[in-house]
Amino acid sequence: MIRTIVMLVFWVACLPFAAVFGFPWTFITGNVNFLYRMGMWGAWTGVRLAGVKVETVGLEQVDPTRTYIFMVNHVSNLDPPIVLPLIPSRTSVMVKKELFRYPILGKIMRIGKLVPVDRGNREAGISAVREASAVLRQGVNMTIFVEGKRSWDGKLLRFKIGPFYLATEGEVPVVPVTIVGTHEAMPKGRFEVKPGLVKVIFHKSIEPQEFGPRDCLMEKVWAVINSGLPPEYQQSLPKVQSI
C-alpha cells in the first residue's frame, strides 16, 4: 500500500509543475510535445515507484518514422501509464467526451490531438472514428484498448468494431500489443499495486495488404493478442462487438 500511495503522491506532485510550465507553453506555442514528454515521464516514473518493473518484447520491430494503430488488451488501470510511454513516437488516445468540457483541459487535449468519444452512443462512436482518422493522417499514432473496458479475469473480452473500421478505412498498419502481468499487479476492483514484473509484447505489425475483410482483421488481431497471454488466460474463439 505504501508504494501505491507514493505513486499517487508523485503524480499529484507533478500536476502543479505541468500547470505552471507545461500548460502555458502549450498554449503559447500550440505545440504539445513538451507537455507530452512531461506526462509520459511522469506516468512511467510513477509506475516504477510503485515497484512495477517492465519488460518489453518486439519493440524494435516498430518503426518510429511510420504511423500505426496500436491495439492493446486491457485488464488494469496500470495499462495506460505503462504502454503509452513505450510508444516510440507521439500517440493519441480516445478520451471520454465529458473531459473536453473543461475549458483549459479540453483545449490542451485538442492541441494534443486526443479524440473525444461517447461509448454509449453509436453515432458518436462513428464520429470518433472519423476524428481518429484525421489524427492518423497527421502522422500521429493511435493507441486503442480494443476491448473498450477492463477485463475482470485477465481474459480477452469482446472487441469493439470501431477500431477496425478505423484501420481498414485509413489503411494504417496495426500493431497488436499484449500486456501480461498487470492483472496480478493491480486487477480491476483493487486499489493497491502489487510490485512485480509486467511484460509488454509488441507483435509484428499487420500491414493493410494483409487485412482482408474487416471481420478477418478483427480475428487476426484477436488471435495474436490472445497468443501472447499466459496459457491459463487464453481462449479459443474471438469475440466481437459493435462500436
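Which residue just after α6 takes a positive phi? In this predicted model, the residue is Glu171, with a phi of about 50 degrees. Most residues other than glycine have a negative phi, and most peptide bonds are trans. Glu171 belongs to the loop between α6 and β8 (174-180). With a relative accessibility of 58%, Glu171 counts as exposed, because that value is over 50%. A positive phi is also found at Lys113, a residue other than glycine, where the angle is near 65 degrees. Lys113 is placed in the loop between α4 and β5. Its relative accessible area of 28% makes Lys113 partly exposed.

The helix that precedes Glu171 contributes to the interior of the model. Within α6, the buried residues are Gly162, Pro163, Phe164, Leu166 and Ala167. Phe164 and Leu166 also appear among the residues that touch the most other members of the largest nonpolar core, a set of 30 residues. Ile69, Met71, Met142, Phe159 and Val221 complete that group. Two or more core residues are supplied by each of the following elements: the strands β2 (69-72), β5 (115-117) and β6 (141-145), and the helices α5 (122-137), α6 (162-170) and α8 (214-228). Apart from this core lies another, of 24 residues, which includes Val52, Ile82, Val83 and Phe202.

The surroundings of Ile69 illustrate how distant parts of the sequence meet in the largest core. When residues up to four places away in sequence are not counted, Ile69 touches Leu136, Met142 and Ile144, together with Leu166 and Ala167. Further partners of Ile69 are Val172, Pro173, Val174 and Val175.

Helix packing was examined for two pairs. Two packed helices are described by the angle between their axes and the distance between the axes. For α6 and α8, the angle is about 115 degrees and the axes are 10 Å apart. The crossing of these two helices is right-handed. On the α6 side, the contact is made by Phe164, Tyr165, Ala167, Thr168 and Glu169, and on the α8 side by Arg214, Leu217, Met218 and Val221. By residue class, the contact of α6 with α8 comprises 6 nonpolar, 1 polar and 2 charged residues. Phe164 and Val221, both part of this contact, are likewise listed among the residues touching the most other members of the largest core.

The second pair consists of α1 (residues 2-29) and α4 (residues 103-111), which pack at an angle of about 60 degrees with their axes 11 Å apart. The arrangement of α1 relative to α4 is therefore oblique. The crossing in which α1 passes α4 is left-handed. Phe23, Thr26 and Phe27 of α1 meet Ile104, Lys107, Ile108 and Ile111 of α4. Of the residues in this contact, 5 are nonpolar, 1 is polar and 1 is charged.

Three further buried positions were considered individually. Val146 is found in the loop between β6 and β7 (159-160). Its relative accessibility is 1%, so Val146 counts as buried. The C-alpha atom of Val146 is separated by 6.3 Å from that of Asn73, although the two residues are 73 residues apart along the chain. Leaving aside neighbours within four places in sequence, Val146 is in contact with Met71, Val72, Phe159, Lys160, Pro163, Phe164 and Ile225. Met71, Phe159 and Phe164, which are among these partners, also belong to the residues that touch the most other members of the largest core.

Ser205 lies in the loop between β9 (196-202) and α8. A relative accessibility of 16% places Ser205 in the buried class, because the cut-off is under 20%. Ser205 and Phe70 are 135 residues apart in sequence, and their C-alpha atoms are 9.0 Å apart in space. Residues up to four places away being excluded, Ser205 touches Tyr68, Val174, Val175 and Glu210.

Val198 is located in strand β9. At 0% relative accessibility, Val198 is counted as buried. Its C-alpha atom and that of Ser76 are separated by 11 Å, with the two positions 122 residues apart along the chain. Aside from neighbours within four places in sequence, the contacts of Val198 include Val52, Lys53, Val54 and Glu55. Ile82, Ile179, Val180, Gly181 and Thr182 are also in contact with Val198. Val52 and Ile82, both partners of Val198, are among the residues of the 24-residue core.

Definitions and conventions
Residues are numbered from 1 along each chain as its sequence is written. This is a predicted model: local features need pLDDT of at least 70, side-chain atom pairs count only at pLDDT 80 or more; totals for chains, interfaces and linings use all residues. Side-chain values use heavy atoms; hydrogens and water are left out. A nonpolar core is a set of buried Ala, Val, Leu, Ile, Met, Phe, Trp, Tyr and Cys residues joined through side-chain atoms within 4.5 Å. Buried means under 20% relative accessible area, exposed over 50%, partly exposed in between (1.4 Å probe, protein chains only). Helices (H or I, at least four residues) and strands (E, at least two) are DSSP runs, numbered from the N terminus. Contact means heavy atoms within 4.5 Å. Axes are lines fitted to C-alpha atoms, for helices over the stretch in contact, and angles run from 0 to 180 degrees between N-to-C directions. Angles under 35 degrees count as roughly parallel, over 145 as roughly antiparallel, 65 to 115 as roughly perpendicular and the rest as oblique. A crossing is left-handed if the near helix is turned anticlockwise from the far one by less than a right angle, and right-handed if clockwise. Ala, Val, Leu, Ile, Met, Phe, Trp, Tyr, Cys and Pro count as nonpolar, Asp, Glu, Lys and Arg as charged, and the others, Gly among them, as polar.
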